[in-house]
Structure formats: C-alpha cells, structure tokens
Amino acid sequence: MRLLKLSIPFLSLLIACNNNKTNENNSTDSLTTASLSSKEFALAYRDGDNIVVTSIDTMKQVSFGGATDPAISPDGKKLAYTISDSAGHRSIWVADLEHKTQAQLPVDNDNYYQAMWSPGGNKIAFSIFDKENRWKVGVMNTDHSGYQILDSKSPIDVYSPTWKNEQELVGHDLTNLYTLDLSGKVIDTQPLADLIGKELSLSSSNRFFYTKDGKKLIFNAGNPDVVKNGAGPNEAVYVLDLMSKETSRISPEGFNVPSLYVTADDQIFYSASKTSDSIFKIYTADLGGTIRLIVEKGMSPTGALK
C-alpha cells in the first residue's frame, strides 16, 4: 500500500492506492495532480470518524478525517461533506478530488449540512435551520452563485431533501411529502399515509428518492419487525410503484437500514447491520432486488453515476 499525506485546513487527507502489497517506505509529502486525475471514484462513505472516497472495487481510496455526511458528485470528481465545530455549528465544504482544493459553501448560517448533488452535478441542496427556527431546503450552484432557501416564508419544516430531477426537489415533514421547484414554491403535497400506509414509521432522517422515470419512490422507513433489545423500530429499504400503489421491500428481513442513497441512474446504496450486530456494511441493489455487498465496514454511503 502506498500512502501519501496532504495537510489542508480542518481535514487530514490521505491518498491510498491499494495494490494488495504493503510498502511503508513509499510514503511522500506531496501528490501530483496527474496521479489523482487518472483515478475514478465511485463511492463515498463513513468509516468511524473518517470519510472514505473509493473506486467501486476499493482499489483507489481517499480518506478524510474529521468530517461527516459524505456526498460524492455524480461524476465522481468532487466530495461534499459536513464540518462541525466545538460549538455545534455545522457547515458544508466541497473538495475537488482532482486538484486537491477545498472550499466552504458561503452560506450565512451556522447550521447547514447533508449536501445532495443535483443529477447533473451543477447544484447542491442541503438542510438548513433558518432564522425562524425551521428546517428548510437550501440550494446553491456549485460555482457558489444562486443561493436561496426554498419555501422560506411558510411555517412548514422540510426534512431530508433529495432531487426529483434537475428542477425539482422533494422532502417531508413526517406527515406529507412535498415537491418544491427552484423558484421556492411547494408545487405538490402528498400525505405520506396515503403513499406508504400506516404500518411504516418515519424519522426526519428518512429519505425519499424518485426513480429516473418518475414512476417509483425508493425510501427507507421503520417497520413492525421485532427487534430484540432494540431502542426503536427496525428500518428497511422499500420501493413504491406510484401507479399500482404496491410497495415492495428491497433490504432483507433481519437487517436495520438507517441510511439510504439512490443515484440519478437508479443505483441503490445503503448501509445495514444485522439486528444482533453493531457492524454496518454497505450494499448496492437494483430495482429488481438484486443485492451485492461492496464494503465490509461503513455507513452513510453515496455513489456516483455509472
């Protein structure tokens, strides 16, 4: 394994090229841009206190210390993440994996986090706690222009935003699923009980993703599974067919799924642990229910486009 370190503000960045050999004498204090620009990254996730950005075969990796909420860009060239300070303030930063630069999103707020890239990678949405003490959806172009808070004047809280398409986002308030356009208007409201029924339960961290064709919703939610010594409901990944109103389960019984991410080309990524185990592993799945284990230890995955 060849290790190369970089010193950058707030984060310790570690580049690793895994060729199944260990060679501690190959470390150096610099990294050329060319050595990164030839790499393709496809997955980002948390491993303890670190964020790992990796190729899908885990042969190429970048590790960030002291950050949370990893969000890899659709093209795999950038990483957005959350930084928290000792006072509990949260902010979003973006690292360019090719050019080794990073910058904070210039938002006049001390509590915004959980970045979500738009399908084309031109915008970033995030959760933000506004001056009226409500959770809203913030949006900014990746060139730091066009910042706005959507639906800023209504009393509605909107949790866990995701992109429906390049012009619309969805979020919920535990009761309704809202669709918002980029002008800041709520253009659709659907009662969640009508969509997912009353047996499934939600928390503010559960997310809803529309499939590319707009015909299905992929989401994670609590369910009636019996969890021995569990502190709360078990969570699983579900797919709702909006035409037939039928809901099918993707993740298997006996696993808890607290985090879910779906790419714009319908790749499903989730972290799960057996109910009797505290070790989370990362899986990928398709809409047909084919599941593949890709990381033996990790949480909060996000993926790039194929």
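**Figure 1. Contacts across the whole chain.** Among contacts in this predicted model between residues at least 6 apart in sequence, 37% join residues at least 24 apart. The chain has 306 residues, and buried residues make up 49% of them. Two helices and 26 strands are found along the chain. About 14,800 Å² of the chain is exposed, with carbon and sulfur atoms supplying 48% of that area. The views that follow take you to a few places in this fold.

**Figure 2. The open sheet of strands 10, 11, 12 and 13.** Here four antiparallel strands line up in the order 10-11-12-13 to form an open sheet. Strand 10 and strand 13 (148-150) are the edge strands, each pairing on one side only. From one strand to the next, the twist averages 30°. As you look along a strand, it helps to remember that in a regular strand the side chains alternate between the two faces of the sheet.

**Figure 3. A closer look at strand 11 and its partners.** Strand 11 covers residues 123-129 and is mostly covered, with five of its seven residues buried. To strand 10 (residues 112-117), strand 11 is joined by four bridges, and the two strands run antiparallel. One pair to look for is tyrosine 112, whose bridge partner in strand 11 is isoleucine 128. Strand 11 also pairs with strand 12 (residues 135-141) in the antiparallel sense, this time over seven bridges. In that pairing, you will find phenylalanine 126 opposite glycine 138 of strand 12.

**Figure 4. Two hairpins, with a positive phi in each.** Strand 10 and strand 11 make a hairpin with five residues between the strands, and in this hairpin glycine 121 takes a positive phi near 80°. What is the phi of asparagine 133, in the turn between strand 11 and strand 12? Asparagine 133 has a positive phi of about 60°, and its hairpin has five residues between the strands.

**Figure 5. The salt bridge between aspartate 47 and lysine 297.** A search of the whole structure finds four salt bridges, and three of the pairs appear in this view and the next two. Aspartate 47 and lysine 297 form a salt bridge, with 2.9 Å between the closest N and O atoms. Aspartate 47 belongs to strand 3 (residues 43-47), while lysine 297 sits in the loop between strand 25 (291-295) and strand 26 (299-303), so this pair ties together parts that are 250 residues apart in sequence. Aspartate 47 is partly exposed, at a relative accessible area of 27%. Lysine 297 is also partly exposed, at 45% relative accessibility.

**Figure 6. The salt bridge between aspartate 151 and lysine 136.** The closest N and O atoms of aspartate 151 and lysine 136 are 3.3 Å apart in this salt bridge. Lysine 136 lies in strand 12 and aspartate 151 in the loop between strand 13 and strand 14 (159-163), so the pair ties together parts that are 15 residues apart in sequence. Are these residues buried or exposed? Aspartate 151 has 11% relative accessibility, under the 20% cut-off, and therefore counts as buried. Lysine 136, at 0% relative accessibility, counts as buried too.

**Figure 7. The salt bridge between lysine 281 and glutamate 296.** In this salt bridge, the closest N and O atoms of lysine 281 and glutamate 296 are 3.4 Å apart. The pair ties together parts that are 15 residues apart in sequence, because lysine 281 lies in strand 24 (residues 281-285) and glutamate 296 in the loop between strand 25 and strand 26. Lysine 281 counts as partly exposed, at 26% relative accessibility.

**Figure 8. Serine 55 in its loop.** You will find serine 55 in the loop between strand 4 (50-54) and strand 5 (60-65). Serine 55 is buried, with 6% relative accessibility. Leaving aside residues up to four places away in sequence, serine 55 touches Glu40, Phe41, Ala42 and Lys60.

**Figure 9. The surroundings of serine 251.** Serine 251 is placed in the loop between strand 21 (247-249) and strand 22 (255-262). With 2% relative accessibility, serine 251 counts as buried. Which residues does serine 251 touch, not counting residues up to four places away in sequence? They are Ala236, Val237, Val257, Tyr270 and Ile291. Zooming in on valine 237, the backbone nitrogen lies 2.9 Å from a polar atom of the serine 251 side chain. Tyrosine 283 is 32 residues from serine 251 along the chain, and 9.3 Å separates their C-alpha atoms.

Technical notes: Residues numbered from 1 in each chain as written. Predicted model: local features only at pLDDT ≥ 70, side-chain atom pairs only at ≥ 80, totals over all residues. Heavy atoms only, no water. Buried < 20%, exposed > 50% of the residue type's maximum accessible area, 1.4 Å probe, protein only. Pairing = 2+ DSSP bridges. Contact = heavy atoms within 4.5 Å. Axes fitted to C-alpha atoms, helices over the stretch in contact; angles between N-to-C directions. Areas by Shrake-Rupley, 256 points an atom, 1.4 Å probe, with all protein chains shown as cover. Salt bridge = Lys/Arg side-chain N within 4 Å of Asp/Glu carboxyl O. Polar contact = N/O pair within 3.5 Å; in protein donor to acceptor, adjacent residues only side chain to side chain.
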